[in-house]
Every structure is written in C-alpha cells, then in structure tokens.
Amino acid sequence: MRRRLIASAALVLLVAASCSDADDEQASEDSFASVRVGLLMTTGGKGGDLAGPSLGAAEVATAHLKARGAKVTIEQADYAGDITTAAQLANELAEKVDVVVVAT
C-alpha cells in the first residue's frame with residue numbers, strides 16, 4: 001500500500017512538473033517548469049493513518065524532481081476528517097497551486 005502511495009504521488013508530481021510554460025522564454029525542452037502542488041490530507045477520521053505516508057511520499061517525489069532541476073513547492077492542508085472542510089480547503093488550494101493531490 002505504501003509503495004503504491006509513493007508511486008502515485010511521484011507520478012502526479014512528475015507529470016505536473018514536466019509541464020512547461022509556453023510563455024517562459026528560458027524554458028528549454030530538457031528543463032522542468034516550476035510547479036506548486038497542494039496536498040490535501042487528513043490526520044483524523046477515516047484515512048488519518050495515511051497522513052504520514054502521504055507527506056513522506058510528497059517529500060520523496062519533491063526531492064526526486066528537484067534533483068532533476070524541477071522547482072516544486074508543496075502547500076499542505078489538513079481537513080481533519082471533516083468532509084465539509086475538505087471541500088472548502090480543496091477550493092482554497094486550487095486558487096493557490098497548479099495541481100491539487102488528495103491523499104486520503
């Protein structure tokens with residue numbers, strides 16, 4: 001389960017980071033774009049036990065991409081098991097980042 005979570009997070013971050021901005025004059029075919037990733041997770045309720053592995057997977061994927069020249073930033077949001085809060089936080093993250101990963 002943990003390997004699948006790490007692989008999924010790495011894949012999402014890799015795809016997001018490899019999308020280059022057409023307006024960026026300095027971007028070359030071999031370079032990564034800058035990407036802001038929102039990680040929505042819960043530390044409580046159902047899925048709360050996945051918070052640690054989710055954060056770990058995000059860190060591993062970020063380090064992997066940064067080693068290849070990507071500029072990756074991660075913004076975390078914890079909805080603490082409350083579905084109503086999850087929707088609100090997802091919308092807030094979507095306004096701040098390029099891609100939102102829901103890790104539950």
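Which backbone oxygen lies 2.5 Å from a polar atom of the side chain of Thr-42? The backbone oxygen of Gly-44 does, and the legends below start from the whole chain before they return to this residue. The coordinates are those of a predicted model, in which local features need pLDDT of at least 70 and side-chain atom pairs count only at pLDDT 80 or more, whereas totals for chains, interfaces and linings use all residues. Residues are numbered from 1 along each chain as its sequence is written, and side-chain values use heavy atoms, with hydrogens and water left out.

**View 1. The chain and its elements.** Three helices and three strands make up the elements of the chain, and their order from the N terminus is α-β-α-β-α-β; helices are DSSP runs of H or I with at least four residues, strands are runs of E with at least two, and both are numbered from the N terminus. Of the 104 residues, 32% count as buried, a term that stands for under 20% relative accessible area with a 1.4 Å probe and protein chains only. The chain exposes about 6,600 Å² by the Shrake-Rupley method with a 1.4 Å probe, and carbon and sulfur atoms supply 51% of that area. Where contacts (heavy atoms within 4.5 Å) join residues at least 6 apart in sequence, 71% of them join residues at least 24 apart.

**View 2. Strand β1 and its two partners.** Because six of its eight residues are buried, β1 is largely enclosed by the rest of the structure. Eight bridges join β1 to β2 (residues 71-78) in parallel, with Ser-34 having Lys-71 as its bridge partner in β2; strands are taken to pair if DSSP finds at least two bridges between them. The path from β1 through α2 to β2 is a right-handed β-α-β crossover, meaning that it runs clockwise when the strands point away from the viewer. β1 also pairs with β3 (residues 99-103), again in the parallel sense, over five bridges, and there the bridge partner of Gly-38 is Val-100.

**View 3. The surroundings of Thr-42.** Thr-42 is found in the loop between β1 (34-41) and α2 (51-67), and it counts as buried because its relative accessibility is 0%. Besides the Gly-44 oxygen at 2.5 Å, the backbone nitrogen of Gly-81 lies 2.6 Å from a polar atom of the Thr-42 side chain. With neighbours within four places in sequence left aside, the residues in contact with Thr-42 include Gly-47, Ala-51, Asp-78, Tyr-79 and Thr-104.

Conventions:
Buried < 20%, exposed > 50% of the residue type's maximum accessible area, 1.4 Å probe, protein only. Polar contact = N/O pair within 3.5 Å; in protein donor to acceptor, adjacent residues only side chain to side chain.
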